[in-house]
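Me: I've got a model open and want to talk it through with you. Can we go from the overall fold down to single residues?

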Amino acid sequence: MTESVFAFKPVMAAAALAIMWLLEGLIPMFEGRRERVRHDAPNVVLGVANALVVALVFAGATLVATEWARANSFGVLHWLGIGGVWAFALAFVLFDMWQYLWHRLNHRVPLLWRFHAVHHADRELSASSGLRFHTGEIVLSSCARLAVLPLLGMTVAQVLLYEAVLLPVILFHHGNVGVPARADRWLRWLIVTPWMHWVHHSDYQPETDSNYSSVFSFWDRIFGSFRLVSDPRALTLGLEETERRDWATLPGMLAMPFRSRRARRRERSAGDPGRRADR
């Protein structure tokens, strides 16, 4: 049962990735990338490995945690007495808020940042970058989620619904796709878009520490972390002082959190007049 519940995740990711791959070839925003397979392959391999870790190690624990909450009427959704469609909607919103908070925490806590930096080190952002997370980050986030799910009182079905939406959205807003500015502007009032998320992958630290949302974009507006640039093609993606051997190969990605004795230099600045936010 556990395998059947969670097996859809890599299938959904593969289908969405294939669509994004075609679009990136037809209408890229950042042009001139000729070694797409060489760049994407390590990201995909890491994503598949992480999916296996989650399925083998955390799927059963997730079922136990959510079933315990259901059986004991524990968690916010049970305490509020909400059921049916409204329970699914509220669970979706609350868990997406947790995703925002956890993502922001990954940028603030040095230990978490060591692993999360592997995701940010990619200098040639594409849809495959949405699968590029260090296994250590996946383990830490999965452990934290085991506490959050019963606290919210979510069911397995509600978790699956969220992840069914999350995967395509993540691949979309990481994708190297030339979304028209007007379409992106309308979409980002509700969901995270490429023009919004590319800023988050800038090597300029105040831009890196912005736009943390996963599905709904309004969390960044609510919590004051929303930021845009007028021309995304002017962004320098990746992390400063990160060598290609670290970010472009699978061994480099896996070793990155342990190779450096210090986290990336994070120089705070009040702002840059040449990079004004454009809401």
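**Contacts first, then helices**

Reply: Sure. Among contacts in the protein chain between residues at least 6 apart in sequence, 76% join residues at least 24 apart. Keep in mind that the model is predicted.

Me: How many helices and how many strands does the protein chain have?

Reply: Read from the N terminus on, every element in the run α-α-α-α-α-α-α-α-α-α-α-α-α-α is a helix. About burial, 50% of the 279 residues count as buried. The tally for the chain is 14 helices and zero strands.

Me: Let's zoom in on α7. Where is its kink centred?

Reply: Helix α7 covers residues 135-152, 18 residues in total. From first C-alpha to last it reaches 25 Å, close to the 26 Å expected at 1.5 Å a residue. There is still a kink in α7, of about 25°, and its centre is R145.

Me: Which helices do the buried residues of α7 pack against?

Reply: The buried set in α7 includes G136, I138, A144, V148 and L152. R145, where the kink is centred, is buried too. As for partners, the buried residues of α7 pack against α3 (36-71), α4 (76-80), α5 (84-108), α6 (110-120) and α8 (156-174).

Me: And A147, is that one buried or exposed?

Reply: A147 lies in helix α7. Its C-alpha is separated by 9.5 Å from that of T62, which is 85 residues away along the chain. The cut-off for exposed is over 50% relative accessible area, and A147 has 51%, so A147 is exposed.

Me: What does the backbone do just after α7?

Reply: The helix ends at residue 152. Just after α7 comes G153, and the phi of G153 is positive, about 80°.

Me: Which residue does α3 bend at?

Reply: α3 spans residues 36-71 and is one of the helices that the buried residues of α7 pack against. The bend in α3 is about 55°, and it is at F58.

Me: S73 has a positive phi without being a glycine. Is S73 buried, partly exposed or exposed?

Reply: S73 comes just after α3, in the loop between α3 and α4. Its phi is about 50°. Buried would need under 20% relative accessible area and exposed over 50%; S73 has 45% relative accessibility, so S73 counts as partly exposed.

Me: N211 also has a positive phi. Is N211 buried or exposed?

Reply: N211 is not a glycine, and its phi is about 55°. The residue lies in the loop between α11 (205-208) and α12 (218-222). Buried means under 20% relative accessible area; N211 has 1%, so N211 is buried.

Me: On to the rings. How are F95 and Y162 arranged as an aromatic pair?

Reply: The count comes to 13 aromatic pairs. For F95 and Y162, the centres are 5.1 Å apart and the planes are at 80°. The pair links distant parts of the chain, with F95 in helix α5 and Y162 in helix α8, 67 residues apart. Planes over 60 degrees apart count as edge-to-face, so this pair is edge-to-face.

Me: Which residues do ring pairs link into a cluster?

Reply: F95 and Y162 are both buried, and both belong to the cluster. The full set linked by ring pairs is F92, F95, Y100, Y162, Y212, F216, F218, W219 and F223.

Me: Which residues does Y162 touch, leaving out those up to four places away in sequence?

Reply: Y162 is buried and pairs edge-to-face with F95. Its contacts beyond those sequence neighbours are F92, F95, D96, Q99, S214 and V215.

Me: Which helix gives the most to the largest nonpolar core?

Reply: That core has 21 residues, and F95, W98, M154, Y162 and V215 touch the most other members. α5, α7 and α8 each supply at least two of its residues. The biggest contribution, six residues, comes from α5.

Me: Which arginine lies over the face of W189?

Reply: There's an arginine over the face of W21 as well: R36, at 3.6 Å from the ring centre. For W189 the distance to the ring centre is 4.0 Å, and the arginine is R221.

Methods: Residues are numbered from 1 along each chain as its sequence is written. This is a predicted model: local features need pLDDT of at least 70, side-chain atom pairs count only at pLDDT 80 or more; totals for chains, interfaces and linings use all residues. Side-chain values use heavy atoms; hydrogens and water are left out. Helices (H or I, at least four residues) and strands (E, at least two) are DSSP runs, numbered from the N terminus. The expected span of a helix is 1.5 Å times one less than its number of residues. The bend at a residue is the angle between axes fitted to the seven residues ending there and the seven starting there. Buried means under 20% relative accessible area, exposed over 50%, partly exposed in between (1.4 Å probe, protein chains only). Contact means heavy atoms within 4.5 Å. Rings of Phe, Tyr and Trp (its six-membered ring) pair if their centres lie within 6.5 Å; planes under 30 degrees apart count as stacked, over 60 as edge-to-face and the rest as tilted. A charge sits over a ring if NZ of Lys or CZ of Arg is within 6 Å of the ring centre and within 35 degrees of the ring normal. A nonpolar core is a set of buried Ala, Val, Leu, Ile, Met, Phe, Trp, Tyr and Cys residues joined through side-chain atoms within 4.5 Å.
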